[in-house]
Amino acid sequence: MARSGKVAVIGAGFYGSTTAMRLAEYDIFDTVVLTDVLEGKAEGLALDMNQSRPIQNFETKIVGQTTGLDGSGYEAIKGCSIVVITAGLPRKPGMSRMDLIETNAKIVRQVSENIAKHAPDSVVIVVSNPLDEMTALAQLATGFPKNRVMGQAGMLDTARFTNFVAEKTGSNVSDVKTLTLGSHGETMVPVPSQSSVKGKALSEVLSKEDIDALVDRTRNGGAEVVALLKTGSAYYAPSAAAAQMAKAVATNSGQVMPVCAWVDGEYGISGVYLGVEAEIGSKGINKVVETKLTPEETTALKTAAEAVRAKQADVKDL
Ligand code: APR
């Protein structure tokens with residue numbers, strides 16, 4: 001099988017290391033580069049991952065690299081066509097994602113400046129929280145065209161919604177279709193009108209009370225995991241989503257996925273990074289794809305846009 005290209009994952013914590021592992025196991029890249037500021041962490045994990053190759057049957061090589069806050073070590077990402085930013089603190093129980101904004105803004109800015117320097121033609125996928133704001137900041141700090149910077153959240157939130165609906169209805173996840181738009185936070189917009197089980201509208205399969213409860217659980221999906229883990233946040237489903245986005249870019253797949261993308265007129269919303277469906281290709285976002293929403297869902301999406309717009313305006317000073 002033909003392998004090509006180089007992808008980097010910045011931050012070798014739980015999210016970053018699981019993303020790197022998934023990308024390597026796809027066996028479509030020559031090299032996956034994993035970096036971290038903690039001396040030896042990325043190298044150690046890379047060594048361990050490489051040793052799984054004969055067992056899991058893949059040839060992609062994982063390269064670990066310690067990076068300094070002065071930018072040392074970033075030569076390792078030279079030639080990467082995709083960079084996934086996972087560096088940053090996760091929340092603790094009781095914290096909102098927004099509580100991380102000041103700490104993670106400093107990290108994401110530093111990382112982004114080094115990406116611009118060493119992988120100037122890359123597509124950047126941001127996963128650090130608060131997601132919508134960190135995506136906007138990564139675009140500002142790299143200076144990349146807006147289509148080349150996107151965030152991962154919608155695929156994860158949609159997967160959570162799908163999983164909850166499948167469990168509630170006793171269905172296979174493959175028979176369930178859901179959609180979640182808006183912010184990766186309090187103004188998340190799960191979209192029941194675009195959701196179905198075996199092609200039947202969700203409203204025909206579940207009561208309004210049940211749908212409302214699942215929508216609520218989806219909005220709090222991350223916090224539910226954080227509360228159980230007590231240290232750190234989710235990473236299996238998040239890394240699955242980030243890795244699929246990177247694969248869509250690498251293969252120029254043209255898949256339509258819910259992602260955090262720059263919105264410029266769609267749904268009557270402009271000038272903000274927001275969770276929407278978009279077509280993904282080798283240049284990043286090919287185009288935002290509008291879907292049919294109820295008037296209530298459209299209003300909720302506009303409310304989400306205004307909420308994140310205000311916060312995104314602040315990040316330039318952080
Ligand atoms: N450059 C590179 N790596 C960094 C930097 C930096 N400037 N600052 C911190 N890191 C690394 C840490 O050393 C750590 O290994 O980022 C990693 C974060 O890992 P975890 O604490 O395990 O957090 P994780 O669960 O991976 O979440 C990362 O994703 O979902 C979001 O909210 C979550 O913002 C968080 C991010």
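Which residue takes a positive phi just after helix 1? In this predicted model, that residue is aspartate 27, with a phi of about 60°. Helix 1 itself covers residues 14-26. Its 13 residues should span 18 Å at 1.5 Å a residue, and the end C-alpha atoms lie 19 Å apart, which agrees with the expected value. The buried residues of the helix are Tyr15, Gly16, Ser17, Thr18, Thr19, Ala20, Leu23, Ala24 and Tyr26. The elements that cover these buried residues include strand 1 (6-10), strand 2 (31-36), helix 2 (41-50), strand 3 (61-66) and helix 10.

Most residues other than glycine have a negative phi, and most peptide bonds are trans. Departures from this pattern occur in loops elsewhere in the chain. Lysine 198, which is not a glycine, has a positive phi of about 50°. Lysine 198 is placed in the loop that runs between strand 10 (196-197) and strand 11 (200-201). With a relative accessible area of 64%, lysine 198 is exposed, because the cut-off for that class is over 50%.

Asparagine 252 is likewise not a glycine and has a positive phi of about 50°. The loop that holds asparagine 252 lies between helix 10 (236-250) and strand 12 (256-264). The relative accessibility of asparagine 252 is 46%, so this residue counts as partly exposed.

A cis peptide bond is found between asparagine 129 and proline 130, where omega is about 0°. Proline 130 belongs to the loop between strand 5 (123-126) and helix 5 (131-142).

How values were computed: Residues numbered from 1 in each chain as written. Predicted model: local features only at pLDDT ≥ 70, side-chain atom pairs only at ≥ 80, totals over all residues. Heavy atoms only, no water. Helix = DSSP H or I, 4+ residues; strand = E, 2+ residues; numbered from the N terminus. Buried < 20%, exposed > 50% of the residue type's maximum accessible area, 1.4 Å probe, protein only. Expected span 1.5 Å × (residues − 1). Contact = heavy atoms within 4.5 Å.
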